[in-house]
Amino acid sequence: MKIWVTRHGQTNLNKRKRMQGRIDEPLNEAGIRQARDAREKISHMTFDAVYASPLDRAITTASIIGNIPKEQVIVDSRILECDFGKYDCKSYFRMGPSMTLYWALPEVFPAPKSVESIASMVRRSVSFLREMESKDYQNVLIVCHGGIIRALCGYLEERNNGILWRPKPKNCEIRIYEYRNGKHRRLES
(Lines give C-alpha, C1' and ligand atoms only; values in the text may rest on other atoms or scores of the structure.)
Protein backbone atom coordinates (compact mmCIF):
# COMPACT_ATOMS: atom_id res chain seq x y z
CA MET A 1 0.00 0.00 0.00
CA LYS A 2 1.18 3.51 -0.80
CA ILE A 3 0.10 6.21 1.65
CA TRP A 4 0.07 9.76 0.30
CA VAL A 5 -0.02 12.35 3.11
CA THR A 6 -0.52 16.06 2.56
CA ARG A 7 -1.42 19.24 4.38
CA HIS A 8 -4.37 21.32 3.22
CA GLY A 9 -3.90 24.40 1.02
CA GLN A 10 -3.44 27.91 2.36
CA THR A 11 -6.16 29.77 4.27
CA ASN A 12 -6.37 33.44 5.19
CA LEU A 13 -5.34 32.58 8.76
CA ASN A 14 -2.23 30.81 7.38
CA LYS A 15 -1.46 33.85 5.27
CA ARG A 16 -1.81 36.13 8.31
CA LYS A 17 0.43 33.75 10.35
CA ARG A 18 -2.23 32.85 12.90
CA MET A 19 -2.91 29.57 14.68
CA GLN A 20 -6.10 28.01 13.34
CA GLY A 21 -6.40 24.61 14.99
CA ARG A 22 -10.01 23.50 14.83
CA ILE A 23 -11.42 26.73 13.43
CA ASP A 24 -13.21 25.81 10.20
CA GLU A 25 -11.37 28.28 7.98
CA PRO A 26 -11.84 27.66 4.21
CA LEU A 27 -9.10 27.70 1.61
CA ASN A 28 -8.28 31.04 0.05
CA GLU A 29 -7.52 31.47 -3.68
CA ALA A 30 -3.83 30.61 -3.14
CA GLY A 31 -4.86 27.44 -1.28
CA ILE A 32 -7.13 26.32 -4.11
CA ARG A 33 -4.30 26.99 -6.57
CA GLN A 34 -1.85 24.99 -4.38
CA ALA A 35 -4.25 22.03 -4.35
CA ARG A 36 -4.73 22.23 -8.12
CA ASP A 37 -0.96 22.42 -8.66
CA ALA A 38 -0.47 19.36 -6.43
CA ARG A 39 -3.13 17.49 -8.40
CA GLU A 40 -1.45 18.42 -11.66
CA LYS A 41 1.85 16.96 -10.43
CA ILE A 42 0.16 13.60 -9.77
CA SER A 43 -2.46 13.77 -12.55
CA HIS A 44 -1.85 10.10 -13.40
CA MET A 45 -2.88 8.94 -9.90
CA THR A 46 -6.17 7.46 -8.84
CA PHE A 47 -6.77 6.66 -5.20
CA ASP A 48 -8.68 3.72 -3.73
CA ALA A 49 -9.68 6.00 -0.85
CA VAL A 50 -9.32 9.67 0.02
CA TYR A 51 -9.43 10.65 3.71
CA ALA A 52 -9.67 14.09 5.29
CA SER A 53 -10.31 15.69 8.63
CA PRO A 54 -13.82 17.13 9.15
CA LEU A 55 -12.64 20.70 8.48
CA ASP A 56 -13.59 22.26 5.15
CA ARG A 57 -10.01 23.25 4.23
CA ALA A 58 -8.98 19.59 4.41
CA ILE A 59 -12.08 18.24 2.64
CA THR A 60 -11.77 20.75 -0.21
CA THR A 61 -8.06 20.01 -0.64
CA ALA A 62 -8.78 16.26 -0.57
CA SER A 63 -11.45 16.63 -3.24
CA ILE A 64 -9.14 18.60 -5.53
CA ILE A 65 -5.98 16.51 -5.09
CA GLY A 66 -7.91 13.23 -4.98
CA ASN A 67 -9.89 14.28 -8.07
CA ILE A 68 -13.19 13.23 -6.54
CA PRO A 69 -16.38 15.02 -5.44
CA LYS A 70 -16.40 16.28 -1.85
CA GLU A 71 -19.15 13.79 -1.00
CA GLN A 72 -16.77 10.89 -1.71
CA VAL A 73 -14.07 12.09 0.71
CA ILE A 74 -13.98 9.85 3.80
CA VAL A 75 -14.07 12.15 6.82
CA ASP A 76 -12.32 10.98 9.99
CA SER A 77 -12.11 13.07 13.16
CA ARG A 78 -8.94 11.29 14.30
CA ILE A 79 -6.96 13.33 11.77
CA LEU A 80 -8.43 16.64 12.91
CA GLU A 81 -5.89 19.34 13.71
CA CYS A 82 -4.44 19.71 17.20
CA ASP A 83 -6.72 21.52 19.63
CA PHE A 84 -4.93 24.82 20.29
CA GLY A 85 -7.48 25.94 22.88
CA LYS A 86 -7.06 29.58 23.84
CA TYR A 87 -4.27 30.01 21.25
CA ASP A 88 -6.60 29.66 18.24
CA CYS A 89 -6.42 32.77 16.03
CA LYS A 90 -3.40 34.13 17.90
CA SER A 91 -0.48 35.45 15.89
CA TYR A 92 2.47 33.05 15.67
CA PHE A 93 4.53 35.86 17.17
CA ARG A 94 2.22 36.68 20.10
CA MET A 95 1.47 33.30 21.64
CA GLY A 96 3.59 33.80 24.75
CA PRO A 97 6.56 31.77 25.92
CA SER A 98 4.81 28.53 26.96
CA MET A 99 3.07 27.97 23.59
CA THR A 100 6.01 29.26 21.55
CA LEU A 101 8.42 26.89 23.31
CA TYR A 102 6.01 23.94 23.12
CA TRP A 103 5.32 24.43 19.41
CA ALA A 104 9.04 24.85 18.65
CA LEU A 105 10.28 21.94 20.81
CA PRO A 106 7.47 19.59 21.91
CA GLU A 107 10.08 16.96 22.70
CA VAL A 108 11.25 19.19 25.57
CA PHE A 109 8.36 21.46 26.62
CA PRO A 110 4.88 20.26 27.66
CA ALA A 111 1.67 21.48 26.06
CA PRO A 112 0.25 24.54 27.82
CA LYS A 113 -3.13 24.27 29.53
CA SER A 114 -5.99 24.14 26.98
CA VAL A 115 -3.68 22.71 24.25
CA GLU A 116 -3.84 19.07 23.14
CA SER A 117 -0.75 17.06 24.07
CA ILE A 118 1.59 15.28 21.69
CA ALA A 119 0.62 11.98 23.35
CA SER A 120 -3.02 12.60 22.44
CA MET A 121 -2.16 13.40 18.81
CA VAL A 122 0.01 10.28 18.60
CA ARG A 123 -2.80 8.08 19.98
CA ARG A 124 -5.27 9.45 17.42
CA SER A 125 -2.80 9.02 14.56
CA VAL A 126 -1.85 5.46 15.46
CA SER A 127 -5.51 4.46 15.80
CA PHE A 128 -6.37 5.96 12.41
CA LEU A 129 -3.38 4.54 10.52
CA ARG A 130 -3.62 1.04 11.96
CA GLU A 131 -7.27 0.84 10.95
CA MET A 132 -6.48 2.19 7.48
CA GLU A 133 -3.61 -0.30 7.07
CA SER A 134 -6.05 -3.16 7.64
CA LYS A 135 -7.86 -2.21 4.42
CA ASP A 136 -7.02 -3.54 0.98
CA TYR A 137 -5.83 -0.30 -0.63
CA GLN A 138 -3.15 0.15 -3.28
CA ASN A 139 -3.02 3.96 -2.98
CA VAL A 140 -4.66 6.09 -0.32
CA LEU A 141 -4.60 9.87 0.12
CA ILE A 142 -4.75 11.50 3.57
CA VAL A 143 -5.33 15.26 3.79
CA CYS A 144 -4.96 16.86 7.18
CA HIS A 145 -3.17 19.66 9.04
CA GLY A 146 0.28 20.92 9.99
CA GLY A 147 0.18 19.65 13.57
CA ILE A 148 -1.44 16.22 13.23
CA ILE A 149 0.59 15.41 10.11
CA ARG A 150 3.67 15.45 12.35
CA ALA A 151 2.19 12.61 14.40
CA LEU A 152 1.05 10.70 11.31
CA CYS A 153 4.54 10.95 9.80
CA GLY A 154 6.10 10.01 13.14
CA TYR A 155 4.17 6.73 13.01
CA LEU A 156 4.93 6.17 9.31
CA GLU A 157 8.64 6.79 9.90
CA GLU A 158 8.53 4.60 13.01
CA ARG A 159 9.96 7.32 15.24
CA ASN A 160 10.50 6.35 18.89
CA ASN A 161 8.91 9.57 20.16
CA GLY A 162 5.92 9.19 17.79
CA ILE A 163 6.42 12.48 15.93
CA LEU A 164 8.34 13.88 12.99
CA TRP A 165 8.23 17.54 13.97
CA ARG A 166 10.72 19.00 11.52
CA PRO A 167 10.70 20.02 8.75
CA LYS A 168 7.34 21.73 9.03
CA PRO A 169 4.96 20.45 6.33
CA LYS A 170 4.17 23.02 3.67
CA ASN A 171 0.68 23.56 2.28
CA CYS A 172 -0.08 20.78 -0.25
CA GLU A 173 3.37 19.20 0.11
CA ILE A 174 2.84 15.49 -0.54
CA ARG A 175 4.82 12.88 1.37
CA ILE A 176 4.61 9.33 0.06
CA TYR A 177 5.08 6.22 2.18
CA GLU A 178 4.91 2.52 1.50
CA TYR A 179 3.40 0.03 3.93
CA ARG A 180 4.43 -3.54 3.24
CA ASN A 181 4.74 -6.61 5.48
CA GLY A 182 4.07 -4.58 8.61
CA LYS A 183 6.84 -2.05 7.86
CA HIS A 184 6.84 1.54 6.63
CA ARG A 185 9.24 3.25 4.27
CA ARG A 186 9.27 6.82 3.01
CA LEU A 187 9.43 6.88 -0.77
CA GLU A 188 9.48 10.53 -1.75
CA SER A 189 7.84 13.91 -1.47
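H2 and H3 are roughly parallel to each other, a label for angles under 35 degrees (over 145 counts as roughly antiparallel, 65 to 115 as roughly perpendicular, and the rest as oblique). Before going on, note that this is a predicted model, where local features need pLDDT of at least 70, side-chain atom pairs count only at pLDDT 80 or more, and totals for chains, interfaces and linings use all residues. Residues are numbered from 1 along each chain as its sequence is written, and side-chain values use heavy atoms, with hydrogens and water left out.

Back to that helix pair. Helix H2 covers residues 29–41 and helix H3 residues 56–66, and they pack at an angle of about 30° with their axes 8 Å apart. Axes here are lines fitted to C-alpha atoms, for helices over the stretch in contact, with angles running from 0 to 180 degrees between N-to-C directions. Helices (H or I, at least four residues) and strands (E, at least two) are DSSP runs numbered from the N terminus. The crossing of H2 past H3 is right-handed, so the near helix is turned clockwise from the far one by less than a right angle (anticlockwise would be left-handed). On the H2 side, Ile32, Ala35, Arg36, Ala38 and Arg39 meet Thr61, Ile64, Ile65 and Gly66 of H3; contact means heavy atoms within 4.5 Å. Sorted by class, that makes five nonpolar, two polar and two charged residues. The classes: Ala, Val, Leu, Ile, Met, Phe, Trp, Tyr, Cys and Pro are nonpolar, Asp, Glu, Lys and Arg are charged, and the others, Gly among them, are polar.

Now for the sheet. It's an open one of six strands in the order S3-S2-S4-S1-S5-S6, with mixed pairing. S3 (74–75) and S6 sit at the edges with a single partner strand each, so one side of each has no neighbour in the sheet. Two strands count as paired if DSSP finds at least two bridges between them. S1 (residues 2–7) runs parallel to S4 (residues 139–144), joined by six bridges, and Lys2 stands opposite Asn139 in S4. S1 also pairs with S5, this time antiparallel and through five bridges, with Val5 opposite Arg175.

S5 (residues 174–180) is mostly covered, with five of its seven residues buried, meaning under 20% relative accessible area (exposed is over 50%, partly exposed in between, with a 1.4 Å probe and protein chains only). Five bridges link S5 to S6 (residues 183–188) in the antiparallel sense, and Glu178 faces Arg185 across that pair. The hairpin has two residues between the strands, and Asn181 takes a positive phi near 55° there.

What lies across S1, S2, S4, S5 and S6? That's H5, running at about 160° to S4. H5 (residues 118–133) also meets H6 (residues 148–156): their axes come within 9 Å and cross at roughly 55°. That makes H5 oblique to H6. Among the contact residues are Met121, Phe128 and Leu129 of H5 and Ile148, Leu152 and Tyr155 of H6, and the whole contact has ten nonpolar, one polar and three charged residues.

Finally, look at His8, in the loop between S1 and helix H1 (12–15). His8 is buried, with a relative accessible area of 2%. Beyond its neighbours within four places in sequence, its contacts include Asn14, Arg57, Thr61, Val143, His145 and Cys172.
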